[in-house]
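Student: I am new to this structure and would be grateful for a close look at a single part, the last helix. Please set out how that part fits into the rest of the chain.

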Amino acid sequence: FVSVASRRSSEAEHAWREASTLAALSESSATDPLDGIVTLLSQTFDLSGVSVLKSDPDHTEIVTSFGAAAPETSQAADFTSEIAPGVSLAINGPALTATDHRLLTAFVGQLSKALEQRELRHIAMEANALAKADELRTAILRAVSHDLRSPLASIKASVSSLRQTDIDWPQDVREDFLAAIESDTDRLTGIITNLLDLS
């Protein structure tokens, strides 16, 4: 009876710890919960190091890690589990029991979800940045189009006046027209130079 009671007590304590861990795992409300999940994983199983590794044929990138003995490659880990294609969980520490592996599956699922959310946030940030850049470009083009039209209209008017054959413009008026053309051309050159620098 004492043996059975002790075993049941141990099982109940283990189940309580597992339930508490799963509750903590599901209640993660951080913007990017990846680091929190890895930390909780390490503390739950008393691991010496945990890493989420992104690998391709050329190199391995550490997405996030926790612990002094966090593995830098899959080969340096005591145990690995695939989270997503090209992404794996690598841990160093004591061997896990069958019950631990059931809980580890929940962690892997949460890590997969967190990685997907991080990727979606990254895509959303890029889309937002592109939208803002497009909005700025539109505003600049609207402002510049007005600045371009004014000197062009002035140049056109001056040249049209000089080309009139039915009017004999005095020399000083002709000089004024030419000075206006030169001034507005310089202004256009300045605007175009600024646009080229901006682009």
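Tutor: In this predicted model, the chain has four helices and four strands as its secondary structure. Read from the N terminus, these elements follow the order α-α-β-β-β-β-α-α, and the helix you ask about is α4, residues 171-198.

Let us begin with the length of that helix. Helix α4 has 28 residues, and at 1.5 Å a residue the expected span is 40 Å. The C-alpha atoms at its two ends are 41 Å apart, which agrees with that expectation.

Next comes the side of the helix that is covered. The buried residues in α4 are F177, I181, D184, L188 and I191. Part of the cover over these buried residues is supplied by helix α3, residues 98-163.

One residue of α3 shows this cover in detail. S158 belongs to helix α3, and its relative accessibility of 6% counts as buried because the limit for that class is under 20%. Leaving aside residues up to four places away in sequence, S158 touches F177, A180 and I181. Two of these partners, F177 and I181, are among the buried residues of α4. The backbone can be followed here as well: S158 and D176 are 18 residues apart along the chain, and their C-alpha atoms are separated by 8.9 Å.

F177 has a further partner. Two aromatic pairs are found in the whole structure. One of them joins W169 and F177 in an edge-to-face arrangement, with 5.2 Å from centre to centre and 85° between the planes. The two rings fall into separate classes of exposure: W169, at 21% relative accessibility, is partly exposed, whereas F177, with a relative accessible area of 17%, is buried. The values lie on either side of the 20% limit, and therefore the labels differ.

Helix α3, which helps to cover α4, also deserves attention for its own contacts. The structure holds one salt bridge. It links R137 with D134, and the closest N and O atoms are 3.4 Å apart. Both residues lie in helix α3; because they are three residues apart there, about one helical turn separates them. Neither partner is buried: R137 is partly exposed at 47% relative accessibility, and D134 is partly exposed at 40%.

Helix α3 also leads to the interior of the model. The largest nonpolar core contains 21 residues, and those with the most contacts inside it are L41, F45, V52, I83, L89 and L111. At least two residues of this core come from each of α2 (34-44), β1 (49-55), β4 (87-92) and α3. Helix α3 gives the largest share, seven residues. Within this core, L41 offers an example of the contacts made: apart from residues up to four places away in sequence, it touches L47, V50, L89, L104 and F107.

Strand β1, one of the elements that supply the core, contains S51. S51 is buried, with a relative accessible area of 0%. Beyond residues up to four places away in sequence, its contacts are T64, S65, A70, P71, S88, L89 and A90. S51 and A77 are 26 residues apart in sequence, and the distance between their C-alpha atoms is 9.0 Å.

The loop between α2 and β1 holds D46. Most residues other than glycine have a negative phi. D46, which is not a glycine, has a positive phi near 55°. In contrast to the buried S51, D46 is exposed, at 62% relative accessibility.

Finally, the chain as a whole gives the setting for these details. Buried residues account for 24% of its 199 residues. Of the contacts between residues at least 6 apart in sequence, 55% join residues at least 24 apart. The accessible surface of the chain is about 13,300 Å², and carbon and sulfur atoms hold 55% of that surface.

To return to your request, helix α4 has its buried residues covered in part by α3, and S158 of α3 touches F177, A180 and I181. Helix α3 in turn provides the largest share of the largest nonpolar core.

Technical notes: Residues numbered from 1 in each chain as written. Predicted model: local features only at pLDDT ≥ 70, side-chain atom pairs only at ≥ 80, totals over all residues. Heavy atoms only, no water. Buried < 20%, exposed > 50% of the residue type's maximum accessible area, 1.4 Å probe, protein only. Contact = heavy atoms within 4.5 Å. Areas by Shrake-Rupley, 256 points an atom, 1.4 Å probe, with all protein chains shown as cover. Phe/Tyr/Trp six-rings, centres within 6.5 Å; stacked < 30°, edge-to-face > 60°. Expected span 1.5 Å × (residues − 1). Salt bridge = Lys/Arg side-chain N within 4 Å of Asp/Glu carboxyl O. Core = buried A, V, L, I, M, F, W, Y, C linked by side-chain atoms within 4.5 Å.
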